[in-house]
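Please find below my notes on the model, set out as numbered points. They begin with the charged pairs and then turn to the packing and the overall make-up.

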Amino acid sequence: MQDRVKWDLGLTASFPLFQGGVVHAQVREAAQARRQSELQLSQARRSAETEVRTRHQALVAAIEQVTLLSEADELTEKNYQEQRRDYESGLVTNLDVFQALDSKYDTRRALDRARCQAKAAAASLETAIGKLPTT
């Protein structure tokens with residue numbers, strides 16, 4: 001009876017001998033991509049820190065300028081008042097009074113510009129640190 005039954009047996013085995021190099025290359029490629037991402041992140045952090053420092057320095061300088069121009073504004077106001085008193089006493093001419101007044105207004109315009117620049121510098125710094133500027 002066994003003469004009629006024909007048996008076939010097949011066995012197949014597969015070993016990925018050459019895929020080890022591909023996997024190793026993919027691991028190295030992923031490690032390089034990670035390293036590149038870390039370097040880009042580090043560079044972005046340094047750039048952000050530099051930007052914040054620069055904008056902070058601009059704000060400090062603008063505030064200092066406002067302070068100095070405020071003092072100058074007070075002095076030019078006092079000078080103008082003194083020139084007016086001296087004119088009433090006949091010690092100076094009206095040209096001297098007008099020059100003092102012109103100087104007072106020039107200083108006041110410079111102070112207004114400096115205040116605007118200080119506000120812009122403050123808004124710029126707040127933007128650099130990720131805070132929405134207040135109005």
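1. Counting as a salt bridge any side-chain nitrogen of Lys or Arg within 4 Å of a carboxyl oxygen of Asp or Glu, one arrives at eight salt bridges. The background to such a count is that side chains of opposite charge can pair when their charged atoms come close. This is a predicted model, in which local features need pLDDT of at least 70 and side-chain atom pairs count only at pLDDT 80 or more, while totals for chains, interfaces and linings use all residues. Residues are numbered from 1 along each chain as its sequence is written, and side-chain values use heavy atoms, with hydrogens and water left out.

2. One of these bridges joins the side chains of Glu77 and Lys104, with an N to O distance of 2.8 Å. Because Glu77 lies in helix α1 and Lys104 in helix α2, the pair ties together parts that are 27 residues apart in sequence. Helices here are DSSP runs of H or I with at least four residues, strands are runs of E with at least two, and both are numbered from the N terminus. As for accessibility, the terms are buried for under 20% relative accessible area, exposed for over 50%, and partly exposed in between, with a 1.4 Å probe and protein chains only. On that scale Glu77 is partly exposed at 24%, whereas Lys104 is buried at 9%.

3. Glu77 also forms a salt bridge with Arg108, where the closest N and O atoms are 3.8 Å apart. This pair, too, links distant parts of the chain, with Glu77 in helix α1 and Arg108 in helix α2, 31 residues apart. Arg108 has a relative accessible area of 31% and is therefore partly exposed. Taken together, Asp73, Glu77, Lys104 and Arg108 are linked in a network of salt bridges.

4. What does Asp73 touch, not counting residues up to four places away in sequence? Taking contact to mean heavy atoms within 4.5 Å, Asp73 touches Lys104, Thr107, Arg108 and Leu111. Asp73 lies in helix α1, which covers residues 19–89, and its relative accessibility of 11% is why it counts as buried.

5. From the other side, Thr107 lies in helix α2 and is buried, with a relative accessible area of 13%. With residues up to four places away in sequence again left out, Thr107 touches Leu69, Ala72, Asp73 and Thr76.

6. A salt bridge within a single helix is that of Arg115 with Asp112, whose closest N and O atoms are 3.9 Å apart. The two are three residues apart in helix α2, so about one helical turn separates them. In general, an α-helix has 3.6 residues a turn, so residues three or four places apart point the same way. Both partners are partly exposed, Arg115 with a relative accessible area of 40% and Asp112 with 38%.

7. Turning to the nonpolar packing, a nonpolar core is a set of buried Ala, Val, Leu, Ile, Met, Phe, Trp, Tyr and Cys residues joined through side-chain atoms within 4.5 Å. The largest such core has six residues, namely Ala62, Val66, Leu69, Leu111, Ala114 and Ala118. The elements that give two or more residues to this core are α1 and α2, the latter covering 94–128. Apart from this core lies another, of five residues, among them Tyr80, Val92, Val97 and Ala100. Neighbours within four places in sequence aside, Val66 is in contact with Leu111, Ala114, Arg115 and Ala118.

8. For α2 the geometry can be checked directly, since the expected span of a helix is 1.5 Å times one less than its number of residues. The 35 residues of α2 should therefore span 51 Å, and its end C-alpha atoms are 51 Å apart, which agrees. Just after α2, Gly130 takes a positive phi of about 90°. The buried residues of α2 include Lys104, Thr107 and Glu126 as well as Leu101 and Leu125.

9. As to the whole, the protein has two helices and zero strands, and buried residues make up 15% of its 135 residues. Among contacts with a separation of 6 or more, 68% are between residues 24 or more positions apart. The protein exposes about 11600 Å², of which carbon and sulfur atoms supply 55%, the areas coming from the Shrake-Rupley method with a 1.4 Å probe, and for residues only the protein chains shown count as cover.
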